[in-house]
Amino acid sequence: MTTTSTTNDTTVAARSTPRFLNKIALITGGASGIGKATAELLASEGACVVIADRCCEEGNALATRLSRERRKALFVETDITSPASVESMVARTMSEYGRIDCAVNNAGVSETSIDLVDASSEQWERLISINLRGVWLSMQHEISAMLPAGRGAIVNVSSRTGLVGKPRLAIYTASKHGVLGLTRSAAIDYAPCGIRINAVCPGLVQTPFVESKFGERLPELARTMNPLGRIGEPKEVAECIAWLCSDAASFVVGVSLPVDGGAVA
Ligand SMILES: NC(=O)c1ccc[n+]([C@@H]2O[C@H](COP(=O)([O-])OP(=O)(O)OC[C@H]3O[C@@H](n4cnc5c(N)ncnc54)[C@H](O)[C@@H]3O)[C@@H](O)[C@H]2O)c1
């Protein structure tokens, strides 16, 4: 048992029992990067994690590894651009576990930098359908599943670019601003029903997403991107997501939490 010098009973209790013991946590985009780190962290603290991703190989490999490590994990092939796929992601979770305690809407894609006037409708449709409509569809089904229980926590993964503009990245910026709009509005609507909805806004984080986007420019970019002068680790974002999902954040509703080494500051 972990000991602590505080006299706060809640802190003592929280430390002595895994935070997510037997909680059911659904994570979209859970096969890679921030989603994968979140699945690993929540599973290590007792949660049954449902890894929903369109990448079967990575998703299955993660679920298999976690299960081998005596964690509880299930992979569900999901494409969040498809309403039927999102519906079946939530239906499968409900049929396996009977409820959803936490949902992390993390799946997202980036865009190649491009002037707004040169971007095509296809680029707009693709980005918005994954980064924004996918979060909306996921929330619709997750909230419907949480409502009968009268409790639940949802964390949407926006971006630093959800809080500020970024040159030559208008569609991505719009999609991530949209995620914060969805988060705030839904947070107000469903807090009275016991469902807390929040968002995190990561800065530059070392994942396949940014490695493929920035390549060799990444180390230099990382040095200048924020006051800490370094890139973030997926686990550092996962820790904030886990906290927002946990009972320790019981009075936190509708926030957009920067996790960016001070970039927005
Ligand atoms: N890495 C960063 O620096 C950074 C910064 C700000 C915001 N973000 C956001 O964090 C989230 C995760 O990014 P990451 O860096 O971990 O990326 P990543 O590419 O490592 O992981 C994203 C995952 O989402 C999945 N995915 C993509 N489209 C999907 C779809 N249609 N249906 C289901 N799954 C799908 C991918 O297969 C992948 O497993 C994204 O929403 C991204 O916008 C990342």
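A residue counts as near the ligand here if one of its heavy atoms lies within 4 Å of it. In this predicted model, 29 residues are around the ligand, and Ser-32, Ile-34, Asp-53, Asn-106 and Thr-207 come nearest.

The make-up of that shell can be read by residue class. It divides into 14 nonpolar residues, 11 polar residues and four charged ones. By secondary structure, the elements that give two or more residues to the shell are α2 (33-44), α6 (170-190) and α7 (208-214). Of these, α7 gives the largest share, with three residues.

Several side chains make polar contacts with the ligand. Thr-207, one of the residues that come nearest, has a side-chain N or O atom 2.5 Å from an oxygen atom of the ligand. Two contacts involve ligand nitrogen: a polar side-chain atom of Asp-79 lies 3.0 Å from a nitrogen atom of the ligand, and an N or O atom in the side chain of Arg-54 is 3.3 Å from a nitrogen atom of the ligand. The ligand exposes 840 Å² when taken alone, and the protein buries 94% of that area. The space that the ligand takes is the largest pocket.

The chain as a whole comes next. Its secondary structure comes to nine helices and seven strands. Along the principal axes, the C-alpha atoms fill a box of roughly 55 × 45 × 40 Å. How does the radius of gyration of the chain agree with that of a compact globule? A compact globule of 265 residues would have a radius of gyration near 18 Å, and the chain has 18 Å, so the two agree.

Conventions:
Residues numbered from 1 in each chain as written. Predicted model: local features only at pLDDT ≥ 70, side-chain atom pairs only at ≥ 80, totals over all residues. Heavy atoms only, no water. Polar contact = N/O pair within 3.5 Å; in protein donor to acceptor, adjacent residues only side chain to side chain. Areas by Shrake-Rupley, 256 points an atom, 1.4 Å probe, with all protein chains shown as cover. 1 Å grid on protein atoms, 1.4 Å probe; cavity = no way out; pocket = protein on both sides within 12 Å on 5 of 7 lines; lining within 4 Å. Sits in = over half its atoms within 2 Å of the grid points. Helix = DSSP H or I, 4+ residues; strand = E, 2+ residues; numbered from the N terminus. Nonpolar A, V, L, I, M, F, W, Y, C, P; charged D, E, K, R; others polar. Rg over C-alpha atoms; globule rule 2.2 N^0.38 Å.
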